[in-house]
2 protein chains.
Amino acid sequence: MSEKSPVLNAPVQSCRISRPRERIVATARDLFHKFGIRSIGVDTIAEAAGTNKMTLYRHFGSKDDLICECLQEVARDVETMWGEITASNPNDPRAQLQEWVRRSAECVVNDGRGCDLANAAVELTEADHPARKVIEGVKRTYYIHLVDLCRAVGVAQPELLADALSLLFEGARVSRQSVGAEGPSARFVRMSEAVISAFADRTH
Amino acid sequence: MSEKSPVLNAPVQSCRISRPRERIVATARDLFHKFGIRSIGVDTIAEAAGTNKMTLYRHFGSKDDLICECLQEVARDVETMWGEITASNPNDPRAQLQEWVRRSAECVVNDGRGCDLANAAVELTEADHPARKVIEGVKRTYYIHLVDLCRAVGVAQPELLADALSLLFEGARVSRQSVGAEGPSARFVRMSEAVISAFADRTH
DNA sequence: GACCAGAGTTACCGGTCAGTAACATCAACG
DNA sequence: CGTTGATGTTACTGACCGGTAACTCTGGTC
């Protein structure tokens, strides 16, 4: 079960690999994603992360803290993705938007559960839950990224296109979760491209 | 607190009003909707319904049973809504589709929490949970209704339009829940109409 | 070797939750 | 009046869950 760094104990030791804290967050993200936040107890997380509850509580003041940390890591991943999209086709916003569609579709098909942030918003109904600020913040910056990209493409109504695309994406993820993979979410790419070209036609 | 039928105890008595069972389902639907399924215990439901846990368990074998009953009532409401849409503008599918957009937008604006079925799918992650069949069934018939309506309107690709509209709607509800009322969901009507006219333009 | 911070172990607390048992009440109906 | 069926009441079980206390262990540093 336990990895005791079987080889190479001499020089790499200074850079500690797989610290409990990182394993806890990674495990929590995985379990929260698969089974929901409220279904998973801290004991389960700690055990699955190969550690124990006390260590978990030494790093995170509460389960809510851990939840927020997980969502913030999601936020970082999202930011990384936008960087990769920009870097994928420099100075070609149209291709970048296609790359966004491709990645989003990949996300819809490969992942039966929806967006972690949206799911958290469903599960954490307390109006003052600390996670709500994180969720709102990430979704907001995500939308700004998408608007910027649509504007760079040069459509007449970049905000409206970004609205439509983000709702299509959000809807596809939640639809796949309710109806299954053969439902409307299966045509996400075609719909997105149809909407994009519809908006593009109106400008040129 | 308790209503003891203060007046009119003579003739209406035979038709029992507000039976515990109905109050339980109505209360459960309300509380599940507002606070989520997992946050609400059976005790809370029973008390809020003006009854007690034992009576609840005499009518429903388990909490999961009650959940399914609630979702099935949602299904009945949805079916009623489709009937009303059809009756609202007989023989005018285009107006019926606009009525659908209007009602859906109303739903998005007035209701901070999303669709009960989609939310239930998020919360109940067990693959074999009895509620999942209900959810899938309702969403499927809903989609069929929408496809039929789009076909009646006479667009070239009714399935794709129905896909797009249902995803926009689904996305709007979940987006409003995560980002708030000022996010992309605020432009749901404009987006829907834009998509509808884009699909309609391609046919004529 | 002394020290110390991080991590593991065990046990516990208080609360909540789904579900049940046993008994009391009450209204309708014959 | 007596029966019956639905409901109310109270108390309970067993499991789980978030969080804490106290102690031990270990690996690195000076």
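This is a chat about a predicted model of two protein chains and a DNA strand.

Me: Before we start, how are things numbered here, and what counts in a predicted model?
Reply: Residues are numbered from 1 along each chain as its sequence is written, while chains are lettered from A and ligands numbered from 1 in the order in which they are written. As the model is predicted, local features need pLDDT of at least 70 and side-chain atom pairs count only at pLDDT 80 or more, though totals for chains, interfaces and linings use all residues; side-chain values use heavy atoms, with hydrogens and water left out.

Me: Thanks! Which residues come nearest to DNA strand C?
Reply: They are A:Thr51, A:Asn52, A:Arg58, B:Lys53 and B:Tyr57, out of 17 residues around the strand. A residue is near a strand if one of its heavy atoms lies within 4 Å of it.

Me: And what share of the DNA strand C atoms within 4 Å of the protein is sugar and phosphate?
Reply: Sugar and phosphate account for 48% of those atoms.

Me: Which side chains have a polar atom by a phosphate oxygen of strand C?
Reply: A:Thr51 has one at 2.4 Å, and A:His59 has one at 2.9 Å. From chain B, an N or O atom in the side chain of B:Tyr57 is 2.7 Å from a phosphate oxygen of the strand.

Me: Which elements give two or more residues to that surface?
Reply: Helix H3 (53-59) of chain A and helix H3 (53-59) of chain B do. H3(A) gives the most, with four residues. Helices here are DSSP runs (H or I, at least four residues), and strands are too (E, at least two), numbered from the N terminus.

Me: What kinds of residue make up the surface near the DNA?
Reply: Six are nonpolar, eight polar and three charged. Ala, Val, Leu, Ile, Met, Phe, Trp, Tyr, Cys and Pro count as nonpolar, Asp, Glu, Lys and Arg as charged, and the others, Gly among them, as polar.

Me: New topic: how many residues do chains A and B bring into contact?
Reply: 43 residues of chain A are in contact with 43 residues of chain B, contact being heavy atoms within 4.5 Å. The two chains bury about 3,500 Å² between them, 66% of it on carbon and sulfur atoms. Buried area is the accessible area (1.4 Å probe) that two parts lose on being put together, summed over both.

Me: Who loses the most area on the chain A side?
Reply: A:Val122, A:Leu167 and A:Ser178, which together make up 18% of what that side buries.

Me: How many salt bridges are there between the chains?
Reply: Two, where a salt bridge is a side-chain nitrogen of Lys or Arg within 4 Å of a carboxyl oxygen of Asp or Glu. In one, B:Arg187 meets A:Asp163 at 2.7 Å, N to O.

Me: Which helix gives the largest share of chain A's side?
Reply: H8(A), with 13 residues. By class, the side of chain A that touches chain B has 18 nonpolar, 12 polar and 13 charged residues.

Me: How can chain A be laid on chain B?
Reply: A turn of 180° and a shift of 0.0 Å along the axis do it, with an RMSD of 0.0 Å. That is the relation of a two-fold axis. Copies are superposed by least squares on the C-alpha atoms of residues with pLDDT of at least 70 in both. In chain A, the C-alpha nearest the axis belongs to A:Gly171, 1.8 Å from it.

Me: Why do the copies meet through the same surface?
Reply: Because 100% of the interface residues of chain A are also interface residues in chain B.

Definitions and conventions
A polar contact is a pair of N or O atoms within 3.5 Å; within protein, one must be able to donate a hydrogen and the other to accept it, and residues adjacent in sequence count only if both atoms are side-chain atoms.
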